[in-house]
Amino acid sequence: MKIFNTINEFNLAKENLTNLTFVPTMGNLHAGHTSLIDFAKETGNIVISTIYVNKLQFNDINDFNNYPKTLNNDIKLLEDHGCDYLLIPDKSILENIASIKAPTKSQKLCGKNRPGHFDGVLTILKKLFDIIEPKIVVFGMKDYQQFIIVKDFINNNNLNINIIGLKTIRETSGLALSSRNNLLSTKNKNLASILYQTLKDIETNKVSICPDLLNLKIDYLNSCGFKVDYLTSCDEESLEECFDIHNKNLLLAVAASIGGVRLIDNIVLTKL
Ligand code: AMP
């Protein structure tokens, strides 16, 4: 795998790099990330990944400073999965960057308590799209809202990029793999799987999905030691709250902290 440590280095080589499938990451890679690389390889294109911990999308400076960094291991994982190129953008990425304001959808779910988060996500991704000019970009559906907001951004701006979202990779306990899991104590990591179990529990009772059911589950999660940010049922596209399971698929999404570590997860409830 060829590594570019600066954007300038990448630009010098870019002429020969066409038909790229791009997997953006913030590093501390795990099997969720490598599933995206594996899929990217199947597209038949050259595969490029980036590792960039995007300060613009963090609301909490401690969260940014504590974000796990495991570059050597990341490089090995990417190589093992056949990634062709890795770009590690230097700080020049922020030079003359155009700030992007995410649409109102970004104020729902994770946006409520993380103002500006999706502005930061789109601002950096647009810059990376301009630099890399990928044909295909691959995201995980664990970050469902991010996927929808980036998909809308690509469509609304007529960017010539095909966006693909892939299923969440989980531990056997059901816990969604996340770089943040490394910040959990053993006890809290065990507890963290309750998030997915709760989503699956609601799925079992989806015929009676309503605000009261979700409120009961929020109380339950809080009693287990979580601090629930939201547990919401919503329209898959607009992200507006919705319980109409008889007429459409619903996104069931949760964000909660345990031991100060914020975790997110979601499943799609198929319509009855
Ligand atoms: P991050 O490094 O957290 O910015 O994530 C980079 C990409 O990996 C994003 O598209 C995420 O949605 C995706 N990703 C993170 N965790 C998982 C997972 N457990 N399964 C699948 N994709 C994931």
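**Note on the cavities, pockets and ligand site**

1. Seven nonpolar, two polar and two charged residues form the lining of the second largest cavity (Ala, Val, Leu, Ile, Met, Phe, Trp, Tyr, Cys and Pro count as nonpolar, Asp, Glu, Lys and Arg as charged, and the others, Gly among them, as polar). A cavity is a set of points, on a 1 Å grid over the protein atoms alone, where a 1.4 Å probe fits but cannot get out, and lining residues have an atom within 4 Å of a point. The space in this second largest cavity is about 70 Å³ (the space filled by probe spheres set on the points, which are joined across faces, edges and corners).

2. The model is predicted: local features need pLDDT of at least 70 and side-chain atom pairs count only at pLDDT 80 or more, while totals for chains, interfaces and linings use all residues. Residues are numbered from 1 along each chain as its sequence is written, and side-chain values use heavy atoms, with hydrogens and water left out.

3. The residues lining the second largest cavity are Lys142, Leu175, Ala176, Ser178, Asn181, Ala192, Leu195, Tyr196, Leu263, Ile264 and Asp265. Helix α8 (186–204) and strand β9 each contribute at least two residues to this lining (helices, H or I of at least four residues, and strands, E of at least two, are DSSP runs numbered from the N terminus).

4. Two cavities reach 30 Å³ or more, and the largest has a volume of about 920 Å³. It is lined by 49 residues, of which Met26, Gln57, Lys142, Asp143 and Gln146 are the closest to its centre. Helix α6 is the greatest contributor to this lining, with six residues. The lining divides into 25 nonpolar, 17 polar and seven charged residues.

5. The ligand occupies the largest cavity (more than half of its atoms lie within 2 Å of the grid points). Around the ligand are 16 residues, the closest being Met26, Gly140, Asp143, Ile169 and Leu177 (a residue qualifies if one of its heavy atoms lies within 4 Å). By class, this shell holds seven nonpolar, six polar and three charged residues. Helix α2 supplies the largest share of the shell, three residues.

6. Several polar contacts deserve inspection (pairs of N or O atoms within 3.5 Å). Aspartate 143 places a polar side-chain atom 2.6 Å from an oxygen atom of the ligand. A polar backbone atom of glycine 140 is 2.9 Å from a ligand oxygen atom, and a backbone N or O atom of isoleucine 169 is 2.9 Å from a ligand nitrogen atom. The protein buries 93% of the 490 Å² that the ligand exposes when taken alone (Shrake-Rupley areas with a 1.4 Å probe).

7. The largest pocket holds about 240 Å³ of space (a pocket is an open set with protein on both sides within 12 Å along at least five of seven lines). Elements giving two or more residues to its lining are α3 (61–65) and β9 (261–269). Its lining includes Asn59, Asp60, Arg180, Leu183 and Val261, and divides into two nonpolar, five polar and five charged residues.

8. The second largest pocket has a volume of about 160 Å³. Asn113, Arg114, Lys227, Val228, Asp229, Ser257 and Arg262 line it, and strand β7 (residues 227–235) gives the most, three residues. Four of the lining residues are charged, two are polar and one is nonpolar. Asn113, Arg114 and Arg262 also appear in the lining of the largest pocket.

Key. A polar contact is a pair of N or O atoms within 3.5 Å; within protein, one must be able to donate a hydrogen and the other to accept it, and residues adjacent in sequence count only if both atoms are side-chain atoms.
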